[in-house]
Amino acid sequence: MVITVGIVGNPNVGKTSLFNRLVGARQHVANWPGVTVTRIEGTTTYKNHTLHFVDLPGTYSLFATSIDEKVTRDFLLLTPPNVVLVIVDSVAPEQGLYLLLETVELGLNVVAVFNAIDEARRLGITINREAIETFLGVPVVLTSAVTGEGIPELLDTVVAAFKTAERPKMMAYPEPVEKAIKALEKRLTGNFDKRFAAIKVIEGDTFILQLLGTSLAEGEMSEFKELAVEISRTKYDYIMEVLAASYGRVDKVLTITEAIDHVLTHRYLGIPIFLALLYLAFNFTFKVSEPFVALVETVFTGLSELVGESGILSSMLSRGVIDGLGSVLTFVPSIFTLFFVLGLMEDTGYLPRIAFLMDKLMYRLRLTGRALMILLLGFGCNVSSVMAARALPDERERITTVLVSPFISCSARLPVYLMIASVAFPNHKAEVFFLVYALSVALTALSARFVNKALLKGESVPLVIELPRYRVPKFSTILNYMWNRGKHFLIKAGTIILLTSVVVWAFTYFPNPEDIQTSFAAKLGRSLEFLFKPLGFDWRTITALIFGGVAKEVVVSSFAQLYGSLENVQLDPRTGLTLLVFVLGYVPCLATLAVIRSETNGWRYVVFSVVYSLVVSYALAYVVSILAKAFV
Amino acid sequence: MRFLQVMLLLLTLFSSVVGLSYILEGEFVFGLIVLLFSAVFAFGLLERGGASFSFRVAHLYVGSILLLLASGYRLLSFAASLLNLLTGEEPSWLGLSDSLLILVSLPALFGFWTVRRALRSDTESRFVRRDGRMANSEEGDFPTNG
């Protein structure tokens, strides 16, 4: 027997952590809202039942506004699961209970899961589970996704809830609301719960109206507006009643989170501390990974020498595969270390504070701190941030975020920066990295302003964000984060980078293996030399940049092949700086372009993205080149 | 309260000296970062108003964490550089400023631990009231579990 179980809850209440516990998966989890933007499914077997869990994007209400919230609402409404787990944050349960009441109104088989019970206990909160069960009429399970507490009981409750035919009791609204609901119920047709549909119609949910093929008269709409307020008020009053009867708290004045926030979001200290921590993160990355980078380099050099270059096959293996791929894989220790550090910052709950700190500035650029948080995902991979933009309720802001995402320095560009910094600025690698990342954020923000002014006119919606609690980072979560982000790099290395490296080798090998100056690669680069002369790029750099359009890491493998090895690469500080700036923004990779196309339903924004990024990168690199000539 | 002020003052002074020492050694950026962390303690001393006690606790707590992070970063970087010996290169040895930073981290660790114990205690409300003052004494010593 297969039981479908939907997992819903507010953002950042630990749905995905719980999902991982229930099905033994290793989905990416983070200590900030909006990580899951699409549904994730997994199956486990328990007591002769197959439990099929569906982890849904976080939402505060079934009145969905953003694309990811719609995913949750549509799933519950159009393909109702056998059992719904509504995850409620034990420490701050109010919003979770609101969603729970809505899910109950949908007539579904609901189980209330009070998660983070360990944290609640630590804060001196006591929960009277029986009182909640009596009030809400649904089974309640207390869990901790971190410690695993309550998981076996939750599985038992899911099976028991599936077998029961009873549905939770509905809460009653004041007389005028009940009257309106009953009148609407008679008019509505459709397969789903009529009471739920009527309540949503009163609340002004246009989706439900469209689904029912019904429309409202002008007078009805204004009448319903007042009733909608009454519905929300009744729900919150009811929630306060439930909590008064079931929750006991020690009245803490200054919690750890409040203490930390007072300083980390301080109006004068907040941003300097953020910049300092970012600098330390980069410096730590280089210092810790340096010896490992040297070790990997030694291994690949040895392998290349072992294979030799006599004959076409040996040459392809030695130069195309080992030198080309090896030059990229050399930076794996640095990339994994950086992800470890970023994972640490994320798991502590610090990242959303950056969104809060930057919101004022972002608002001026017609974006919000919420968009910044999504853009921060792009430091891993631009594809993630383009897709995560679905969580933005404002369409204009979503498109802007999609279009400016490629300016965020993704991990694919890391090896290129590492290579350039090692060659052109061997003693100031962390400083160069810091500058590149700062420039990346500045370029993204300014582009957002430009896109809003030129393409998508409109105002931003103010940021309302629930800051998660700080917590001691969990080593396994950080390792999971590091692996989830880093594995994409390894997969790319084994597929697209390997393939492109062999193509680059063919371009350097033919028609004359003895002389690279007459190779197809040289001809390709020289044919465009006139365009890049003002930037000071030679044909090797141009060829590497062309192949780097497929995936940015290929720039490194191309350099390794065009120069014989990375050790032979020569870049003076001026060209190094210019190249860094150019690589920062020039054309999004093929995968990102494909996602931009699917997320914007057309080629218009794809073309804009390519042309805009090329023009901006070229112009900026040119300015840097002139300034560097004057000062360096 | 006196304990808190003394701790904030001492840590401001000590960490400023460490920051300046790094700058004199030529590590300009890291020196500035340590000076910024010392400013976290200094801003705590400047807190005024009803909730100043709570906010000073916050500054001591976060400043101590940041200072511990800085010294942890130096120690870990040094530990990782020992691997350089495998490739025949010199590790980056700890300097005088590093030793000073580690020394200053000891009172920071003490400050962090004291605040953490007080904040995490179930009986916290007995110590810190909503107005930010201690509840069981009139602006006396810093609260502890004992």
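A contact means heavy atoms within 4.5 Å. This is a predicted model, in which local features need pLDDT of at least 70, side-chain atom pairs count only at pLDDT 80 or more, and totals for chains, interfaces and linings use all residues. Residues are numbered from 1 along each chain as its sequence is written.

**Exercise 1.** Describe the secondary structure and contacts of chain B.

*Solution.* Step 1: chain B has four helices and zero strands; helices (H or I, at least four residues) and strands (E, at least two) are DSSP runs, numbered from the N terminus. Step 2: read from the N terminus, the order is α-α-α-α. Step 3: where contacts in chain B link residues at least 6 apart in sequence, 64% of them join residues at least 24 apart.

**Exercise 2.** State what share of chain B is buried.

*Solution.* Buried means under 20% relative accessible area, exposed over 50%, and partly exposed in between (1.4 Å probe, protein chains only). By this rule, 47% of the 146 residues of chain B are buried.

**Exercise 3.** Compare the settings of A:Asn12 and A:Ala116, each with a positive phi.

*Solution.* Step 1: A:Asn12, a residue other than glycine, has phi near 60° and lies in the loop between strand 1 (2-9) and helix 1 (15-23) of chain A. Step 2: A:Ala116, also not a glycine, has phi of about 60° and sits in the loop between strand 5 (110-115) and helix 4 (117-122) of chain A. Step 3: A:Asn12 is partly exposed at 23% relative accessible area, whereas A:Ala116 is buried at 12%.

How values were computed. Chains are lettered from A and ligands numbered from 1 in the order in which they are written. Side-chain values use heavy atoms; hydrogens and water are left out.
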